Amino acid sequence: MKKLSLAVVGVLIVLTAAACGGYEPAEDEVVIGSVHPLTGALAGQGEMMHEGAQLAVDDLNEAGGIESLGGDSLVLRAGDSKGTADAGQIEAQRLVSEGAVALIGTYQSDVTANVSAVAERNRVPLVIDVAVDDVILEQGYEHTFRIQPNASSMGRDGAIALAELSKANGKPVRTVSYLHIEGAFGQSVHDAFEKEAADQGIDVVSEVTYPATNFTDATTQVREALAADPDVVVVTGYYPDSLLIAQAVRSLGGDVDALYGIANGGFDDSAFPADSGPAGADVLSANYHYAATDERAQDIRARFEQKYGRTMETSAMLAYQAVVVIAQGLEESGSKDPEELRDAIADLEIDDPLLEFGGPIAFDEAGENENASVTVMQIRDGKVEQVFPDEFKTADIVYPAGRAAGAKE
Amino acid sequence: MTTLTERPTTIAADDPRLKDSSATRSYAVLGVLVAVLAVLPFLLDDQTETVAVRTLIFAIMAVGWNLMSGYGGMFSFGHAAFFGIGAYTDAYLLVQHGVSPWIAMVVGALISAAAGTLIAFLCLRYKLAGPYFALATFAFAQVFLLAVQNIDALNRTEGFNVPILSEDSWTMMQWKAGSPLYFWIPLGILALGLLGTIWFVHSRTGQYAQAVRDDETAAASLGINVMRVRLVTVAASCALTSVAGSFYTQYYFFVGPEQGFGSAVSVNAIVPAVIGGIGTIWGPLVGALIVGPLSEWIADVLREPPGFLSFLEGLSGLDVAVYAALLILIVLFMPKGIYGTLRDRFRS
């Protein structure tokens, strides 16, 4: 027993010692930490976003690095959140300890809530690429910034866009049924939509929620949503559930003017038209979107596909954009001090966003991008096209979108 | 007659052969261990300290779980319920009412103990045993998860953010990031948990609990109040797990339903104990010290692998594979866990 106890203590000491050691940035490097889910269920998304950020770093370095820092080059260090909040926190802390002057991330709202606390306590700026929850920036944090619109502004803008585009096409929406995923994301978008919709003369006649896990058949929920005989069915959710819903709307022959996603993780994904087939035809989606009308964004997407062999979705473009925001901040501050970088980011104005926004990227007091806005996409001939507002149009809208989205044979 | 019954008792108490030397030794080992671990914050950098703190949280949970499932023989698959109660009691009282986390920790532990006792009473009253007992605890934890996701007062799915203060505060259990106190507090809790375990195992109730675990009928026939002994064990187990939850909230500054009540949390309480050795004092600690840093350690190796492993560079997800392989190997070759098996070997 005595020997064993000694052995145990010995092993403990060796184990802890083994865990020490880490990365040291070179003199002419500026480290940016990227926290995304690189393993686990969301690994595909996380890797793509990290690659988006890496492409931005490569592009900026190729263009001469950070000029105001004498051409110092950027280095992107990866952190794996594994999709969980505590792993995200550990990785964020590691990246900061290893000299990261800024963080980007993280795709999930709960992980971001945690990482933003790390950023705040270490006084290092965090630029959120994707994470929608309003409450993240309601904590009064001074070091967190968000490029994309938050949940409530997407709900609001989604309602306005729906009212305007239906009016412009001669069939104003009066009633909608709202299907959304359970949880903070779906609920907050819905609540904001309902509030604005009332002012636009749209009545939410039915709100149907579905569970975030083990959701394998949408028929019951879609039938319930259609039972109220709405003009439009609105959907807020992620990819797999939105796919099930589109298929159920088609198979139930729902007679609606449109299937309309808001902040929907499926409807404007480039894989959606192929996966959904006829069920996806003419589906509308109000969401933040990469600037399809912008040549620079097109070029980035083309090079991304060439380099990584997959399509660059909007989330990866946001990661790219987040690196650009930090690089611009470094350029303005001319310093590797995270506090000075934070101040520079807060005062920043980026006139050529890679997202389809109504104006330059600039952050308000809370850290939200003042000009973040949604664009309406539609699946036309198996492709996701921008259809509204007119200035961002890549194809003409079809509205009403036939008997249910795609139900016309 | 009276002399006959009294004399052996006095003799037994004085007999050095019957003195419990293993308890004394365990206390001594604990003392040394805590003293050694206490200097770690001076040796570790900020990032390694975050891993160390998480490891301590795992260890506290596993020590708590081990009381009920290892010594009590009631396999719990729902310790997330008690971890979550601790985490949420802390978050709710702090955020909504400004109550100090120290008080919230105690309140959470009491609520957890009460909830655990009630759940265990219901399960035992209706004679659920083995896998059925485990499934019932799992179901209760899921009920808590769903309830929290739908209660407005608990912010539903949004969870709670602990407000960040500009200055260090003992009352609010908040210091600047990387402060050694964030290590010493869970270490203290763990030490108390282990102290309690050693004491419990050698106490009358603890001996009864192990007797009930090994043979309920025999124990009952000797006059042991089976239900009482079991409920006491459960209450202690749940209270300790709850304290780990409260500290989690304080350390991570955010808790949502998944962080508190998710089924992954229950697994986190079980795995270290299984790897280290169920029903042993040091097993859960040994297990936590392996499982806690495992994924970070593997990730570190893969980030800049030594020459002979260079083909593994940049691979992600390998920690999960190693973790799984480790579990399988231990179950196959060390069914009593690493510590449990080694102890038996040294003894024989």
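A:T106 sits in the loop that joins β3 (100–105) to α4 of chain A, where helices (H or I, at least four residues) and strands (E, at least two) are DSSP runs numbered from the N terminus. The peptide bond from A:G105 to A:T106 is cis, with omega near -5 degrees.

A word on the ground rules. This is a predicted model, in which local features need pLDDT of at least 70, side-chain atom pairs count only at pLDDT 80 or more, and totals for chains, interfaces and linings use all residues. Residues are numbered from 1 along each chain as its sequence is written, chains are lettered from A and ligands numbered from 1 in the order in which they are written, and side-chain values use heavy atoms, with hydrogens and water left out.

**Backbone details**

Another cis peptide bond runs from A:F388 to A:P389, with omega near -5 degrees; A:P389 belongs to the segment after β12 (383–388) of chain A.

Positive phi values in residues other than glycine are also worth a look. A:A263 has phi near 50 degrees and lies in the loop between β9 and α9 of chain A. With 6% relative accessibility, A:A263 is buried, a label that means under 20% relative accessible area, while exposed means over 50% and partly exposed lies in between (1.4 Å probe, protein chains only). In chain B, phi of B:K127 is near 60 degrees, and this residue is in the loop between α6 (101–125) and α7 (131–150). B:K127 is exposed, at a relative accessible area of 70%.

**Three helices of chain A**

The expected span of a helix is 1.5 Å times one less than its number of residues. Here is how that works out for three helices.

| Helix | Residues | Expected span | End C-alpha distance |
|---|---|---|---|
| α2(A) | 43–62 (20 residues) | 28 Å | 28 Å |
| α6(A) | 184–199 (16 residues) | 22 Å | 23 Å |
| α8(A) | 239–251 (13 residues) | 18 Å | 19 Å |

A glycine with positive phi comes after α2(A): A:G64, near 110 degrees. A:G201 follows α6(A), with a positive phi near 80 degrees, and just after α8(A) comes A:G253, at about 60 degrees.

In α6(A), the buried residues are A:A184, A:F185, A:G186, A:S188, A:V189, A:H190, A:A192, A:F193, A:E196 and A:A197. Their cover includes α5 (151–168), β6, β7, β8 and β9 of chain A; contact here means heavy atoms within 4.5 Å. In α8(A), the buried residues include A:Y239, A:D241, A:L243 and A:V249. The buried residues of α8(A) pack against β6 (175–181), β7 (203–210), α7 (219–227), β8 (232–236), β9 (258–262) and α9 (272–276) of chain A.

**Two strand residues**

A:T236 belongs to strand β8 of chain A and is buried, at 0% relative accessibility. Beyond neighbours within four places in sequence, its contacts include A:F185, A:G186 and A:V189, along with A:I262 and A:A263. Of these, A:F185, A:G186 and A:V189 are among the buried residues of α6(A).

A:A78 lies in strand β2 (residues 73–80) of chain A and is partly exposed, with a relative accessible area of 28%. Not counting residues up to four places away in sequence, A:A78 touches A:S34, A:L38, A:H50, A:E91, A:R94 and A:L95. A:A78 and A:K383 are 305 residues apart in sequence and 32 Å apart in space, C-alpha to C-alpha.

**Cysteines**

Over all chains there are zero disulfides, a disulfide being a pair of cysteine sulfur atoms within 2.5 Å. The sulfur of B:C238 is 11 Å from the closest cysteine sulfur, in B:C123, which is too far for a bond. B:C123 is buried at 2% relative accessibility, and B:C238 is buried at 0%.

**Cavities**

The whole structure has six cavities of 30 Å³ or more. On a 1 Å grid over the protein atoms alone, a cavity is a set of points where a 1.4 Å probe fits but cannot get out, and lining residues have an atom within 4 Å of a point. Grid points are joined across faces, edges and corners, and a volume is the space filled by probe spheres set on the points.

The second largest cavity holds about 110 Å³. It is lined by 14 residues, and the closest to its centre are A:Q89, A:Q93, A:R121, B:A177 and B:Y251. Two or more lining residues come from each of α3 (85–97) and α4 (109–122) of chain A and α4 (46–71) of chain B. The largest share, four residues, is from α4(A).

Terms used
On a 1 Å grid over the protein atoms alone, a cavity is a set of points where a 1.4 Å probe fits but cannot get out, and a pocket is an open set with protein on both sides within 12 Å along at least five of seven lines; lining residues have an atom within 4 Å of a point.
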